[in-house]
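Thank you all for coming. I would like to take you slowly through one structure this morning, and I will put it on the screen before I say anything about it.

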Amino acid sequence: MKILLVEDEIGLADAVGAILHKEGYEVDIANDGKAGLDLALSDAYDCIVLDIMLPLINGLDVLTYIRVKEIETPVLLLTAKSEIDDKIKGLDCGADDYLTKPFSTGELLARIRAMLRRKGIPVDINPKYGDITLDIKKGELICGTHSVVLGRKEFQMMELLISHSGQIVTKENFVTKIWGYNNESEYNNVEVYISFLRKKLTMLRSDVQIKTRRGIGYCLTGGK
Ligand code: CA
């Protein structure tokens, strides 16, 4: 699995590159738009993580050009909070997803996995937290020698919790990321699915627990 990372903030590029490498991806880094475009045109990548504000050629122009050249590599755009318009333009130019800076590494990894899955590219990296592992191919939650099948929503919620390990995931985060819109009636669903996941963690005899931070959201504990 080969990823092209185009990011001009050298410190950030190196840190993200190191994380991706640790996760088992092969990573090439370009620190400006021109170098990024040259590498992208080689069509040698499974995924491109592309910053928008770049020297020489900006990210949106890089994206437009590679799509003109009929290179269909999935692209995850990195945007600053102030670049909302660019985000919309980016999706119009053929980006597959975007991530707003600053982002957690867990979220970046989850977005990359989701993007690869949508493109039908097999993802063999299973998210882990403490003694639990999510088997992406089988849709199972595993603890030691025990495993249990998760429903689609349960799976997505557990993936979100693992990708934000050490942080609180709000009910609003769950609703907007999993149901795709902000609807009051979905807030109760979050509680229902959290209770299903807790039962399954107990069945698996995992040390991991889903803690409620009342009025805020949920987080994983007990794993580390
Ligand atoms: Ca930049």
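I will go through the two sheets and the helices that pack on them, then the metal site, and then a few individual residues.

Please keep in mind throughout that what you see is a predicted model.

Let me begin with the sheet of 5 strands, which is open and has the order β2-β1-β3-β4-β5, with parallel pairing. Its edge strands are β2, residues 26–30, and β5, each of which pairs on one side only. On average, and ignoring direction, neighbouring strands of this sheet are turned by 20° against each other.

If you look at one side of the order, strand β1, residues 2–6, pairs with β2 in the parallel sense over 5 bridges, and within this pair I3 has V27 in β2 as its bridge partner. At the other end, β4 and β5 also pair in the parallel sense, here over 4 bridges, with L77 having Y98 in β5 as its bridge partner.

Staying with β5 for a moment, which of its side chains are buried? They are D97 and L99, which point to one face, while Y98 and T100 point to the other face and are not buried. This fits the usual pattern, because in a regular strand the side chains alternate between the two faces of the sheet.

Two helices are worth finding against this sheet. Helix α1, residues 10–22, lies across β1 and β2 and runs at about 170° to β2. Helix α5, residues 105–118, packs on the sheet as well, touching β1, β3 (47–51), β4 and β5, and its direction makes about 175° with that of β5.

A further helix, α4, covers residues 84–92, and in it D86, K87 and G90 are buried. Seen down the axis of α4, these buried residues fall within an arc of 105°, so they line one face of the helix. What covers them includes α3 (59–68), β4 (75–79) and β5 (97–100), whereas D85 and D92, on the other side of α4, are exposed. Just after this helix, G94 takes a positive phi of about 110°.

Now to the metal site. Which residues supply the protein donors of the calcium ion? They are D8 and D51, each through OD, and M53 through its O atom, and they lie 2.1 to 2.3 Å from the ion. Along the chain these donors follow the spacing D-x42-D-x1-M. Two of these residues can be set side by side in terms of accessibility: D51 has a relative accessible area of 3%, and because buried means under 20%, D51 is buried, while M53, at 53% relative accessibility, counts as exposed because the cut-off for that is over 50%.

Let me move on to the other sheet. This open sheet has 4 strands in the order β6-β7-β8-β9, with antiparallel pairing, and its edge strands are β6 (128–129) and β9 (146–149), each pairing on one side only.

Within it, β8 and β9 run antiparallel and are joined by 4 bridges. The two strands form a hairpin with 2 residues between them, and G144 in the turn has a positive phi of about 60°. Across this hairpin, I142 stands opposite S147 in β9, and C143 stands opposite H146 in β9. Helix α6 lies across β6, β7, β8 and β9, running at about 130° to β7.

This brings us to the largest nonpolar core, which has 29 residues, and in which I132, L141, M158, L161, F174 and I210 have the most contacts inside it. The elements giving two or more residues to this core are β7 (132–135), β8 (140–143), α6 (152–163), α7 (171–179), α8 (184–203) and β12 (217–221), and α6 gives the most, with 6 residues. Taking I132 as an example and leaving aside its neighbours within four places in sequence, its contacts include L141, M158, I162, L201 and V208.

Finally, where is K138 found? K138 is in the loop between β7 and β8, and at 58% relative accessibility it counts as exposed. K138 and E83 are 55 residues apart in sequence, and from C-alpha to C-alpha they are 38 Å apart in space.

That is the end of the tour, and I am happy to go back to any part of it.

Notes
Residues numbered from 1 in each chain as written. Predicted model: local features only at pLDDT ≥ 70, side-chain atom pairs only at ≥ 80, totals over all residues. Heavy atoms only, no water. Donors = N, O, S within 2.8 Å, 3.2 Å for Na, K, Ca; no water. Buried < 20%, exposed > 50% of the residue type's maximum accessible area, 1.4 Å probe, protein only. Core = buried A, V, L, I, M, F, W, Y, C linked by side-chain atoms within 4.5 Å. Contact = heavy atoms within 4.5 Å. Pairing = 2+ DSSP bridges. Axes fitted to C-alpha atoms, helices over the stretch in contact; angles between N-to-C directions. Arc of directions from axis to C-beta.
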